[in-house]
Every structure is written in C-alpha cells, then in structure tokens.
Amino acid sequence: MTETQTSPTQTSPTQTSPTQISPAQTAPAHAAPGPERHFQGVPVSEIAETFGTPTYIYDTDTLRHSYQHLRDLLPPAVDIFYSLKANPNISICGYLHSLGAGAELSSRAELETALRAGVAPRDIIFLGPGKTTEDLQACLDAGIHAVVCESLEELRLLDRLAAEQQLTGVRAMLRVNPDFHTKGSGLAMGGKPRQFGIDAGILRSAAPEIARLRAVRVSGLHAYMGTRFLNHSDIVHNTEQILSTAEELSADLGIALETLDFGGGLGIAYFDNEKDLDLEALAAGLGEIIAPFAARHPQCRLIMELGRYLTAPAGTYVTRALYVKESLGEEFVVADGGTNHHMAAVGIGSFVKRNFPVTSLTHYQAPATRQYTLAGPLCTPNDVIAKRATLPPVQAGDLIGVERSGAYGPSASPVNFLSHGHPAEVLVHGGAAHLIRRRATLDDLLEPQHLIDL
C-alpha cells in the first residue's frame with residue numbers, strides 16, 4: 001500500500017505524491033492572484049491537487065508576522081516560549097524556534113519534537129498535572145531548563161529520581177494556583193479549584209519541605225490564568241497579580257526567583273462579535289509593570305508562553321465540497337472533511353453555535369450571496385463546521401476553507417472517528433508548499449490492530 005492511499009471520502013493526491021511544490025511549477029511567485037486563494041503565490045488548487053483534501057495549510061509569512069510583531073513590542077526582558085499543545089507539528093515548532101521561540105511542552109513526544117526541531121534544552125520547560133515517572137526521567141535525561149511541578153508529591157518524586165542518579169542542582173519550578181480570580185478569560189485555568197498547580201495557600205507553608213530537597217533546587221514559579229484573552233487590560237491585570245504573588249511566595253519560601261513563567265493566553269478573534277487584541281496597548285501596559293519587576297530581579301528569566309496566538313492565524317483547513325443539497329429549505333454543503341479534523345469548530349462548551357471564519361477558496365474574490373451549512377462526512381448531526389455561513393454560490397468540487405485554524409486542529413480532534421484518519425498538513429514557506437505530515441493511510445489505521453483467532 002502506498003503513502004498516497006486514502007479513505008473513500010478523501011480526495012487522493014496526484015500519483016507522483018511530491019513532498020513540495022513551488023510557484024515555479026504553478027505560477028510566478030509575484031504574479032497577481034487569480035480568483036482563487038493563493039498562499040505565497042501558490043494557488044490553493046495546486047496544493048489540493050498535489051496533496052489531496054482534507055488538508056491543513058500553514059503559511060510561514062503569517063507565523064513570522066505573529067511572532068515578530070509581538071516580539072518587537074514586548075519588553076526585552078520577556079522570552080517567548082511556544083506551547084506545542086497548540087500545534088505539535090515538528091516543522092511548526094522548528095520554524096518558530098528559528099525565529100527565537102523556546103518551547104513549553106507537556107509530554108515526552110512533545111519533548112522529543114522540540115529537541116529534534118533544534119530547541120536547546122536550556123530553552124525548554126515541561127509542565128502538566130499528570131507527569132509519570134518516565135516523563136520526569138526524560139526531563140532529567142534531556143537536561144531541560146526546568147520541570148514545572150504541579151504538586152508537592154511530584155516535587156518529591158523528581159527529587160528522589162534525581163538523588164538516585166546522584167544529580168544535584170536540578171531546576172524545578174512550582175506551578176501556583178493563585179488566590180485571585182482571573183479576569184477576561186475564555187477558559188479559566190487558575191484562581192479556582194483546579195487540577196493544575198498548587199494552591200497559593202498550601203504553598204506558603206511548604207518552606208520546610210522545600211528545604212529538605214536533596215537534589216532539586218526550586219528556582220522559580222509558574223502561573224497560567226487562562227486562555228483566549230481578548231482585552232489587553234485583563235492580561236495586564238492578571239500579570240501584575242502574578243508578579244506580586246511570585247515576589248511574596250519567593251520570600252515566604254526562601255527561594256530565588258531565577259525563572260518566572262507568567263503564562264500568556266493571548267487570544268485571537270474567531271467570531272463576528274470579537275476583535276483582536278490591541279497589541280500596542282498590551283505591550284505598553286506590560287512594560288509598565290515588568291520594568292520595575294525586572295529592575296528588582298535582574299537575574300530572573302521572564303517567560304510568556306503562547307500557542308494559539310502564534311499559530312491560529314497561520315492555518316487554513318481545506319475541504320472539498322462533495323455535494324450541495326437542500327433539506328427543508330436549508331442548503332447544505334457536504335464536504336470530505338469535518339469535525340473529525342476540526343473539533344474546535346463544533347463550538348464545544350458554547351451555548352450558541354458560532355462559526356469560525358469560513359470562505360470559498362475556489363472563488364475567493366467572488367461576492368458572498370448564499371447561505372450554506374457546511375457539514376462533513378461523519379454519521380452524526382454534530383458534524384457541522386459552520387451553520388448558515390454566507391459564501392459565494394458553491395458547486396461540488398469547490399474548495400472551502402476554515403480560516404484561523406492553525407491551533408488545536410487535528411491534534412485536538414477525533415481524527416480516527418469512522419476511521420477516516422489524520423489529514424495531510426502542508427507548510428508554505430519561501431514560496432513553496434511542503435508536505436509536513438502525510439495523510440493517514442489504511443495501513444496506518446489497521447496495522448496497530450490485532451485480529452485474534454475466533
């Protein structure tokens with residue numbers, strides 16, 4: 001079975017199955033785009049023909065802009081770490097690292113991804129509430145900057161493992177669940193009863209335990225209040241509270257603040273009633289509170305961890321319309337990919353279904369005059385990517401794109417539901433489209449299974 005083999009509802013790539021295409025094969029890099037969507041001069045139809053659909057397309061021009069614009073505005077004392085959970089593809093990680101980003105991760109696979117992508121261990125932190133002994137050992141073996149311990153029990157385990165190997169000075173950070181409540185988060189991660197971190201009240205009495213550590217040195221703190229913040233003043237407020245809490249805890253616990261990860265959670269606008277962050281106002285507000293903190297703690301490494309903000313705008317989920325049909329007066333586009341690859345578009349956790357930005361990639365410049373509900377190939381009524389989205393007239397064969405889809409796409413979706421498998425992923429870089437993850441084959445889906453004698 002070849003790598004181009006697909007499931008019945010997926011459009012097969014061309015038989016040559018190249019790993020990249022460039023404008024030289026399609027259109028001049030700086031040619032005026034036609035009516036369809038182009039990515040750095042490469043027509044979307046060429047990408048779909050070469051690599052098949054459904055496919056995620058990521059654009060490094062957008063990745064670079066998201067990173068560099070923020071980097072230019074943030075205080076120099078702040079390091080940007082990329083949260084691999086948002087998009088764990090090794091090429092995405094490698095590209096952001098080439099721009100200067102460190103790596104924040106939460107699994108051994110993510111650790112190996114970051115290392116293979118070229119991220120130095122000194123620029124890696126490992127967090128998560130459920131680390132296993134094997135996870136902690138992998139961190140010790142790699143010699144990463146710090147393990148972020150989310151319970152005193154985990155801190156003791158890390159210390160025991162390090163002592164057994166006669167290691168000394170192993171850096172650990174403590175994740176704090178602060179006393180204050182989050183403002184403005186789409187998903188609160190702290191300030192309430194949570195499985196994450198150690199309550200600030202419990203941590204304040206932990207100085208004797210920290211003093212008994214044999215091989216581990218608590219070198220800093222971590223706090224993450226939530227995600228999808230769209231109001232800069234909320235981020236500034238939360239950061240100010242975290243900095244204050246960190247100073248109080250470092251004094252209570254008798255530890256030096258060598259590293260402080262104050263989270264991030266910068267949001268992007270997905271829906272019609274949302275606006276993107278005012279980055280200039282955010283940077284100004286953060287500068288006012290970070291400058292005096294950095295002056296008091298000149299040796300402290302400050303980390304802002306970002307995932308969605310960096311990658312979401314750069315990604316487009318591309319599906320092909322298979323059928324256009326009407327049901328009780330409503331028009332449906334049934335596509336070859338759906339929520340099995342893009343669970344975020346379902347609107348889980350929302351009382352009202354809101355559409356991600358959806359566009360016709362085939363007729364990118366045409367006026368949007370019709371309303372369609374965009375559905376996928378799954379046997380469930382929940383497989384609706386967009387409800388009554390306004391698009392140009394759609395015909396079978398058209399390419400439909402869900403934009404701002406570069407974060408929490410296939411890795412956060414039930415890609416194996418109905419055994420459709422993982423979609424292809426393509427990175428457009430330097431005017432060429434590169435395959436950075438091949439589409440799942442039938443062998444990929446069936447080989448891990450075992451048919452017993454019955």
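Me: Leaving aside neighbours within four places in sequence, which residues is T60 in contact with?
Reply: This is a predicted model. In this model, T60 is in contact with Q40, Y95, L427, V428, H429 and G430, leaving aside its neighbours within four places in sequence.

Me: Which of those does the T60 side chain make a polar contact with?
Reply: The side chain of H429 is the partner, and the polar contact is 3.0 Å.

Me: Where does T60 lie, and is T60 buried or exposed?
Reply: T60 lies in helix α2, which covers residues 60-73. T60 counts as buried because its relative accessibility is 0%, and buried means under 20%.

Me: Does α2 turn up elsewhere? Which element gives the largest share of the lining of the second largest pocket?
Reply: That is α2, with four residues. Helix α10 (279-296) also supplies at least two residues of that lining.

Me: How many residues line the second largest pocket, and which lie nearest its centre?
Reply: The lining has 13 residues, and H65, H69, D276, L279 and Y309 lie nearest the centre. The volume of this pocket is about 210 Å³.

Me: OK, cavities now. How many of 30 Å³ or more are there in the whole structure?
Reply: The search finds five. The second largest of the cavities has a volume of about 80 Å³.

Me: Which residues line the second largest cavity?
Reply: Its lining is M225, G226, F229, I235, N238, T239, I242, F262, G263, G264 and M304.

Me: And which element gives the most to that lining?
Reply: Helix α9 does, with four residues. Strand β14 (259-264) also supplies at least two.

Me: Next, the nonpolar core. How many residues are in the largest one?
Reply: The largest nonpolar core has 102 residues, and those with the most contacts inside it are Y82, L155, L174, L203, L221 and L266. Helix α9 (residues 232-253) makes the largest share of this core, seven residues.

Me: Which residues are included in the second core?
Reply: The second core is separate and has 14 residues, including I21, I47, F51 and L361. As background, nonpolar side chains in soluble globular proteins tend to be buried together.

Me: Back to L221. What is L221 in contact with, leaving aside neighbours within four places in sequence?
Reply: Its contacts are M173, L174, V176, L203, A246, L249, I255, L257, T259, L260 and D261.

Me: What about S219: where does it lie, and is S219 buried or exposed?
Reply: S219 lies in strand β12, residues 216-222. With a relative accessible area of 1%, S219 is buried. Leaving aside neighbours within four places in sequence, S219 is in contact with R171, A172, M173, A256, L257, E258 and T259.

Me: Switching to strand pairing. Which sense do β4 and β16 pair in?
Reply: Strand β4 (residues 55-59) and strand β16 (residues 315-327) pair in the antiparallel sense, over four bridges. Within this pair, Y56 stands opposite Y317 in β16.

Me: How many bridges join β16 to β17?
Reply: Six, and these two strands run antiparallel, with β17 covering residues 330-335. One bridge pairs E326 with E331 in β17. The two strands form a hairpin with two residues between them, and L328 takes a positive phi near 50 degrees there.

Me: And β16 with β21?
Reply: They pair in the antiparallel sense over four bridges, and β21 covers residues 399-402. The bridge partner of T319 in β21 is I400.

Me: Last topic, helix α5. Which residues of α5 are buried?
Reply: D135, L136, A138, C139 and L140 are buried in α5, which covers residues 133-142. What covers these buried residues includes α4 (108-116), β7 (124-126), β8 (146-149), α6 (152-164) and β9 (170-177).

Me: Why does A142 count as partly exposed?
Reply: Because its relative accessibility is 23%, and partly exposed sits between under 20% for buried and over 50% for exposed. A142 is found in α5 too.

Me: What is A142 in contact with, leaving aside neighbours within four places in sequence?
Reply: L111, L115 and P121. The C-alpha atoms of A142 and L111 are separated by 8.7 Å, with the two residues 31 apart along the chain.

Me: What follows α5?
Reply: G143 does, and its phi is positive, near 70 degrees.

Terms used. Residues are numbered from 1 along each chain as its sequence is written. Side-chain values use heavy atoms; hydrogens and water are left out. Buried means under 20% relative accessible area, exposed over 50%, partly exposed in between (1.4 Å probe, protein chains only). A polar contact is a pair of N or O atoms within 3.5 Å; within protein, one must be able to donate a hydrogen and the other to accept it, and residues adjacent in sequence count only if both atoms are side-chain atoms. Contact means heavy atoms within 4.5 Å. Two strands pair if DSSP finds at least two bridges between them. A nonpolar core is a set of buried Ala, Val, Leu, Ile, Met, Phe, Trp, Tyr and Cys residues joined through side-chain atoms within 4.5 Å. On a 1 Å grid over the protein atoms alone, a cavity is a set of points where a 1.4 Å probe fits but cannot get out, and a pocket is an open set with protein on both sides within 12 Å along at least five of seven lines; lining residues have an atom within 4 Å of a point. Grid points are joined across faces, edges and corners, and a volume is the space filled by probe spheres set on the points.
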